[in-house]
Amino acid sequence: MAGIAAIPNSNKPKALIYAPAGRDAWVARSLVDEAGLSSIAAADLPMFASSLSDDVALGVLTEEAVRSSDLKPIAAWVSAQPGWSDLPFIVLTTRGGGPERNPAAARLSEVLGNVTFLERPFHATSFISVARTALKGRLRQYEAQARLDALGEGERRLQTALAAGRLGAWELELSSMALSASATCKAIFGRRPDDDVTRDDLIASIHPDDRDLVLTNLRQTIDTGRDYSVEHRTIWPDGSLHWTEVHAQLYSDRYGSARKLVGVCSDTTVRKTIEENLRRLNENLEERVRERTKEVNAAHQTLLEEVAQRERAEEQLRQSQKMEAIGQLTGGVAHDFNNLLMVVLGNLELLGKHVAGDAKATRLVDGAIQGARRGAALTQRLLAFARQQDLQVKPVDLAELVSGMKDLLRRSVGSSISIESILPVTLPPALVDANQLELALLNLAVNARDAMPDGGTLSISLRDAQVAGDDGTLDKGAYLVLAVADSGTGMDAETLKKAIDPFFSTKELGKGTGLGLSMIHGLAVQLNGALRLTSELGVGTTAELWLPATERRPERAIEADLPVPQAASRLKILLVDDDALIAMSSVDMLEDLGHEVVEANSGSQALELISSGQHFDLVITDYSMPGMTGAQLARAARDIYPALPIVLATGYADLPAGTDIDLPRLAKPYDQAQLAKEIAKAIARETAPLLRFGGDTGGSKPRLSKANDVSDEIGDGACVV
């Protein structure tokens, strides 16, 4: 055979065959297969020796093939087998296996060890029987290997577990009291790994107060067989005190006699130290618990207060956001309604002049004008709620303002209600719009009257107050508090929450708009103040207006009446408005005043007219226009004619951020008298410096050709609603 034959079935045990003569190898392989083994045939003895391994279950040799060969490689492998292995060999011989007939057999027995000689000729069943017997022996060796491996793995795991748990292992032979202890066990008792430690040594190291306990439990375990478990103090050779926990079990022989104790021990010094410290700490536990309970209660109360404060802040934020959203919507509606009312009022005013001789028509026109003015008052309330009404904020003496309204307030609330006032005269002024504040105060008085249908007392008081920090609604600073209190029916908590909501009213249908308190709230916020309401059912309601104080003194300037321009003061006016109805009404009012009017419906169209060289004495332009606003038109026009008078008409309280321009403003809706008054004021404002210096104003400003043509030049300024 030239090489090693392939293994027919790798799952079968393997037999290694060396039979080079004739058909011996083929016969041996056939018989091996019959015995249930796979076969590997070696071509020569060195190959046979190199193929030996623990996986080989059986070796088959012919005596004549190895009689005079070098068997050292085979002998070396056999002697190097692990302890569990003893590979069986079958030697086919022609002279038997006894030394008396076959002296060479003794040499093979010495080399191979576990060898069976089978004398030829033999029957096939004899070989198969011998092979199976050898295989059974080999399989038992494999089982022994597996058990040894398992035992070794278990031992390794046990040692790993003991090391991980810092446990020391020990055994005590009861017959001789010989002690076997691991290095960890010795260390737990304060000994070095190479120290010889006996049972007496360990007993002597136990604290005297614990020694009887240990010996008693040890005797009980030996006598009864129950598990041994004791924790005691140990004194190390260096005198230090440690705690040791010991557990053990009793092992007995098959006759029930106690043979040895096997156990583990651990150092519990750290745990006992912690327990002792904990015990000492718990000696005053009750006092500590009481102190801690007080701290927890205080912290809990603080947390509840913070939560309540946060909930109040969130509620204020929600109310603010709701008011802001509704205010934006309301302001837009009011602005558009202003434009409609301007068209109605302007046309009704002009129509009234044409029907002056018709009493019925005059009555109808007057009624329509009154209705439109009531609508204008309603838009002022809407704009107040939306914080978009035009406020003329100045220092105002609130005590003087309230005193001046006493007669009006008394007539408004009726004779069944008495009015009391506390108005110190030494308080500083407040930064407010006097007209709007009078309207708000009158509104509060009327609300108080309605809350006291059977009469009562209305109290109006004034005081100063300081806000130390930002309280969520007011900035830090000085304030004046105008309080209006009644002794009426009052409101419950739910009604009080909704009191300043727009269109919310407790009055009967048709007797209230629900905008009174909303308007006052909007006014207060726009003045950088606040409206605060308190109320209790059956007791009454108090409304406080917090208004910013100022050190500036109230202005007492007297404004001279300005003459309304007559036909002799005919002006050429450029009117700019993108709303055709408003433009038509305004043009009619201006022409009725005797002026010449040129109409433009956009800023770009107006700029083309100005750039074309046409002369205009005055430009009246709406602010809110698509494409180009009135402010943008004013800037572009002033670049061409710096002295061109421009009046800005708008329905908004303030121009948007970034609109840095100072122009006279005309509030929508306006009537013919207001229009004439603003034109006259613009003429007087612009012509005063020209008359003072006279002649050419220099630069690109137009020259006045006549002293009485002062209306030809009108300066800048603004009027915004």
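Strand β16 and strand β17 (residues 540-548) run antiparallel and are joined by seven bridges. Helices (H or I, at least four residues) and strands (E, at least two) are DSSP runs numbered from the N terminus, and two strands count as paired if DSSP finds at least two bridges between them. The model is predicted, so local features need pLDDT of at least 70 and side-chain atom pairs count only at pLDDT 80 or more, whereas totals for chains, interfaces and linings use all residues. Residues are numbered from 1 along each chain as its sequence is written, and side-chain values use heavy atoms, with hydrogens and water left out.

Within the pairing of β16 with β17, R532 stands opposite E544 in β17, and T534 is placed opposite T542 in β17. Three residues lie between the strands of this hairpin, in which G538 takes a positive phi near 80°. Both strands belong to an open sheet of five strands with mixed pairing and the order β12-β14-β15-β17-β16. The edges are formed by β12 (417-422) and β16 (530-536), each of which has a single partner strand, so one side of each is left without a neighbour in the sheet. From one strand to the next the twist averages 20°. Axes are lines fitted to C-alpha atoms, for helices over the stretch in contact, and angles run from 0 to 180 degrees between N-to-C directions.

Two helices pack on this sheet, with contact meaning heavy atoms within 4.5 Å. Helix α14 (residues 406-413) touches β12 and β14 (456-467), and its direction makes about 150° with that of β12. Helix α15 (residues 434-451) touches β12, β14, β15 (477-486) and β17; the direction of α15 makes about 30° with that of β15.

Another open sheet of five strands has antiparallel pairing and the order β7-β6-β10-β9-β8. Here β7 and β8 stand at the edges with a single partner strand each, so one side of each is left without a neighbour in the sheet. The twist averages 25° from one strand to the next. Strand β8 is joined to strand β9 (residues 241-252) by eight bridges, and the two run antiparallel. I235 stands opposite L241 in β9. Helix α9 packs on the sheet and touches β8, β9 and β10, its direction making about 155° with that of β8. Helix α10 (residues 269-282) lies across β8, β9 and β10 and runs at about 125° to β9.

Two backbone features were recorded in loops. M177, in the loop between β6 and β7 (178-181), has a positive phi of about 55° although it is not a glycine. A cis peptide bond with omega of about -5° joins R120 and P121, and P121 is located in the loop between β5 (115-119) and α6 (124-164).

Internal space was examined on a 1 Å grid over the protein atoms alone, where a cavity is a set of points at which a 1.4 Å probe fits but cannot get out, and lining residues have an atom within 4 Å of a point. Grid points are joined across faces, edges and corners, and a volume is the space filled by probe spheres set on the points. The count comes to two cavities of 30 Å³ or more.

The largest cavity has a volume of about 230 Å³. Its lining consists of 16 residues, of which W170, L202, I203, Y228 and V246 lie nearest the centre. At least two lining residues are supplied by each of β6 (168-173), α8 (199-205), α9 (208-224), β8 (228-235) and β10 (258-267). The largest share, three residues, comes from α8. The lining divides into 14 nonpolar residues, one polar and one charged, where Ala, Val, Leu, Ile, Met, Phe, Trp, Tyr, Cys and Pro count as nonpolar, Asp, Glu, Lys and Arg as charged, and the others, Gly among them, as polar.

The second largest cavity holds about 40 Å³ of space. Its lining residues include L575, D577, I582, S586, I620, D622 and Y670. Each of β18 (572-576), α18 (580-592) and β20 (618-622) supplies at least two residues of this lining, which divides into seven nonpolar, two polar and two charged residues.

Helix α19 (residues 603-611) and helix α20 (residues 630-640) pack at an angle of about 10°, and their axes are 10 Å apart. The two helices are therefore roughly parallel to each other, a term for angles under 35 degrees. In this contact G603, A606, L607, I610 and S611 of α19 meet L633, A636, A637 and I640 of α20. The residues involved divide into seven nonpolar, two polar and no charged.

Definitions and conventions: 1 Å grid on protein atoms, 1.4 Å probe; cavity = no way out; pocket = protein on both sides within 12 Å on 5 of 7 lines; lining within 4 Å. Parallel < 35°, antiparallel > 145°, perpendicular 65-115°, else oblique.
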